[in-house]
Amino acid sequence: MSILVSPSPVPNSHSIDLASTVLDRDAYLIDLLNQIVGGVETPRDRLSWLQELRERAVLWVRQSVLPTTRDEEWRFADLSFLRKIQFHVGTKGSASVGSSLRSLPEAATSRLVFVDGVYSSELSSVSLLPDGVVVSNLADLSATYTQEVQKYLAQTEGAHELFTALNTSGMVDVAVVWVSKNVVVETPIHLVFLATGEQSGISLPRCLVVAETGSSVTLVEEYANHTDAESTEEESVYFTNAVTEIWVGENARVNHTRLEMENAEAIHIGKTAVSQARYSWYSCHAVTFGGKLSRHNLEILQTGEQTETVLNGLTIIGGQQLADTHSAIALNYPHGTSKQLHKCILSDRAHGVFNGKIFVPKPAQLTDAAQLNQNLLLSSKARIDTKPQLEITADNVKCAHGATVSQLEDDEIFYLQSRGIDANDARNLLVNAFATEAINQIPVPSVRQSLMQKVSG
């Protein structure tokens, strides 16, 4: 493929030449970019706009550097080990992963599956959805919806952040959920992004959700890896760089559950960017179990008054895993409400990070915002770095934030033992009780049940 990079901020050509004269700031990053862009095929004519998005993203990546611990936003997540790994775009395909697919009974006919970021029609099942609801990959969208998608894809704030731009650079296909005006979708929509776990493979899942005025939808976004029960090989290192953009229209409701359950050697960096119009309601239930290093950037932008935002997070890790959650809520208009609860359960030498920011500028009078991070350390060597933040310039608001760090109390364990429960079961019961508050708010029963089983196990 022959591609030319325009030196202008908005390229006009439909190709990229990675040997152009644009300043390259990070040789490793450019090599990774070469691997990603080299595997991208030029789209057919009606998707030429997608090529332009990729070209602009390539320019941003080429002028960026991989974050280090000297960067405030990354000071607890050391990415230097990535430089020792030569990643390549995964190529195994979907044929080998069918047995790894976990189906939700509530979403048996509303499941969209991508393997290593590539749409799998044989594993997907989308039918019996109401009129006005589209659940599809971008390549198979009708021309009408494709034209509408152009207005939203890669248009959220933060599109030029490094890993978001890296995802856009290699964007071939997208999971698209479109809910038309005043349509209520009773069936949860299950978006599955499977990684084959190919050694040093990289995948770039992309998701776009548009809920038009007055609509309502429930989403389950799941990241997992293919596991072969008969394989005796050790889990391999692979990289998932995911981006999800959600546009919540006026008076619309989106209930979003995000599950990150990849293997213990995976690197997972994900972005969820949400734009909320006035009177809209959005909830996110983000659950993290997997990954040697996992990072979730959750960004909420209020674009109208009287929005309601509910964020619940649960991180359960052990071994030497690191899980990093960064959230930013920009409440720019009056009468906004935001409630956030993030819980971490850490064992062994696990390291958890929580950094939550809430911005309330002067126009956002009568805002009600609360943020709480609760952490349970099951080992003396486990570590948590927590930093809830409020930045407020409005003078008539109700805002609060806090963080707690604790261990299991000996007297609580003793009390349960005095009731005939052994010490190990007592500890499990207390851990389950700590996690239940977050899990019980997930709206899909089968997801709640499977998560409780995982916590108990």
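Begin by selecting Glu409, Asp410, Asp411 and Glu412, which together form a patch of negative charge on the surface of what is, it should be kept in mind throughout, a predicted model. Within that group, centre the view on Asp410, which belongs to helix H5, spanning residues 410-417. Asp410 counts as exposed because its relative accessibility is 63%, and the cut-off for that class is over 50%.

Move next to Asp116, in the loop that links strand S2 (110-115) to strand S3 (118-119). Its backbone deserves a look, since the phi angle of Asp116 is near 50°, a positive value in a residue that is not glycine. Is Asp116 buried or exposed? With a relative accessible area of 10%, Asp116 is buried, the limit for that class being under 20%.

From there, select Leu128, which is located in the loop between strand S4 (125-126) and strand S5 (133-137). Here too phi is positive in a residue other than glycine, with a value near 60° for Leu128. Leu128 has a relative accessibility of 75% and therefore counts as exposed.

Finally, zoom out and display the whole chain, whose secondary structure amounts to 7 helices and 22 strands. Colouring by burial would place 57% of the 457 residues in the buried class, while the accessible surface of the chain is about 19300 Å², with carbon and sulfur atoms contributing 48% of it. If contacts are drawn for pairs with a separation of 6 or more, 83% of those in the chain join residues 24 or more positions apart.

Key: Residues numbered from 1 in each chain as written. Predicted model: local features only at pLDDT ≥ 70, side-chain atom pairs only at ≥ 80, totals over all residues. Heavy atoms only, no water. Helix = DSSP H or I, 4+ residues; strand = E, 2+ residues; numbered from the N terminus. Buried < 20%, exposed > 50% of the residue type's maximum accessible area, 1.4 Å probe, protein only. Contact = heavy atoms within 4.5 Å. Areas by Shrake-Rupley, 256 points an atom, 1.4 Å probe, with all protein chains shown as cover. Patch = residues over 30% accessible without salt bridge, like charges linked within 9 Å, V, L, I, M, F, W, Y side chains within 5 Å. Salt bridge = Lys/Arg side-chain N within 4 Å of Asp/Glu carboxyl O. Lys, Arg positive; Asp, Glu negative; His and termini not counted. Charge placed at Lys NZ, Arg CZ, Asp CG, Glu CD.
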